[in-house]
Structures are given as C-alpha cells and as structure tokens.
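Visitor: Could you take me through one part of this model up close? I'd like to hear about the charged side chains and what surrounds them.

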Amino acid sequence: MSAVIIYHNPKCSKSRQTLQLLRERGVEPRVVEYLKTPPDEDTLARLLGMLEMAPIELMRTKEKEYEQLGLEEKKDDCRELIRQMAAHPILIERPIVVKGNQARIGRPPEKVLEIL
C-alpha cells in the first residue's frame, strides 16, 4: 500500500480538517509542513501533473504575495508560477494529499477520500 502524504499548514482550518479526516479513516499520513519545508520546482511540477491542474489553479491568488510579485500578468507562464510557488510556498493551495501517483486538494476535505 502506498504511503499517504499531506502537504499541510497547521494554521489552515481546511488543512486541519483534512488531516483529521484521514486519521479518522485510520490513515496516518506523512505530514509535510510545506511552509517550513517547501516542495521544490520538480515536486510542484509532479504534483500539478497528478492533480491535472495548471499552475495558476494551484495558486492562492488572494495572498498579498501574488499581487506583490505581479503574478496576474504572468499567469500563463507555467515555469514562472512554479518557480514562485517554490520560493513563496504561502502561494500554494492547501492541503494537498498524495497517495501513489494520485493527488487531491482537500477543498472540501472529503475530496481526498477519492484516492484512499
């Protein structure tokens, strides 16, 4: 059975709810606090592939960093958006749960149950 990983922000209610949901289902995931240990560009690219999303879809566009970095003008530059998410992990939508070669964003938290 594949290990389950959660890219987690303990300050985020959806992230906490998703982690609790996993544990209630008997799943003890490897918790990656991505603000402390951000995924690198290659990892982000892999996650995007598993999520079947464009980089802009994984970004928290309401964060002040999004505006400060001028990312609205660069929203079609996939490489630049991935680079900025790696450098500024607060921009990454959360939580992301990975199992094997599948991933889901826990919004709503029940969405992650699709891959368990």
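Guide: Let's start with Glu 65, which counts as buried at 16% relative accessibility. Bear in mind that this is a predicted model. Glu 65 has a salt bridge to Lys 64, with 3.5 Å between the closest N and O atoms. Its partner Lys 64 is exposed, at a relative accessible area of 54%, so this bridge pairs a buried residue with an exposed one.

Now on to Arg 60 and Glu 93. These two form a salt bridge as well, and their closest N and O atoms are 3.0 Å apart. Arg 60 sits in the loop between helix H2 (41-51) and helix H3 (64-68), while Glu 93 is in the loop between H4 and S3, so the pair ties together parts that are 33 residues apart in sequence. Both ends are tucked away: Arg 60 is buried, with a relative accessible area of 18%, and Glu 93 is buried too, at 16%.

For another case, look at Lys 75 and Glu 72, a salt bridge with closest N and O atoms 3.0 Å apart. Here Lys 75 is partly exposed, with a relative accessible area of 37%, and Glu 72 counts as partly exposed at 39%. Back with Arg 60, salt bridges with shared partners join Arg 60, Glu 63, Glu 93 and Arg 107 into one network. Over the model, the count comes to 10 salt bridges.

Then there's Arg 94, in the loop between helix H4 (78-87) and strand S3 (96-99). Arg 94 is buried yet has no salt bridge. What is the nearest side chain of opposite charge, and how far away is it? That's Glu 63, 4.4 Å away, and because a salt bridge needs the nitrogen within 4 Å of a carboxyl oxygen, the pair doesn't make the count. What Arg 94 does have is a polar contact, side chain to side chain, with Tyr 34 at 3.5 Å. Leaving out residues up to four places away in sequence, Arg 94 touches several others, among them Tyr 7, Asn 9, Cys 12 and Ile 105. That list also includes Arg 60, Glu 63 and Arg 107, and these three belong to the salt-bridge network. So Arg 94 touches members of that network while having no salt bridge of its own.

Terms used:
Residues numbered from 1 in each chain as written. Predicted model: local features only at pLDDT ≥ 70, side-chain atom pairs only at ≥ 80, totals over all residues. Heavy atoms only, no water. Helix = DSSP H or I, 4+ residues; strand = E, 2+ residues; numbered from the N terminus. Buried < 20%, exposed > 50% of the residue type's maximum accessible area, 1.4 Å probe, protein only. Lys, Arg positive; Asp, Glu negative; His and termini not counted. Polar contact = N/O pair within 3.5 Å; in protein donor to acceptor, adjacent residues only side chain to side chain. Contact = heavy atoms within 4.5 Å.
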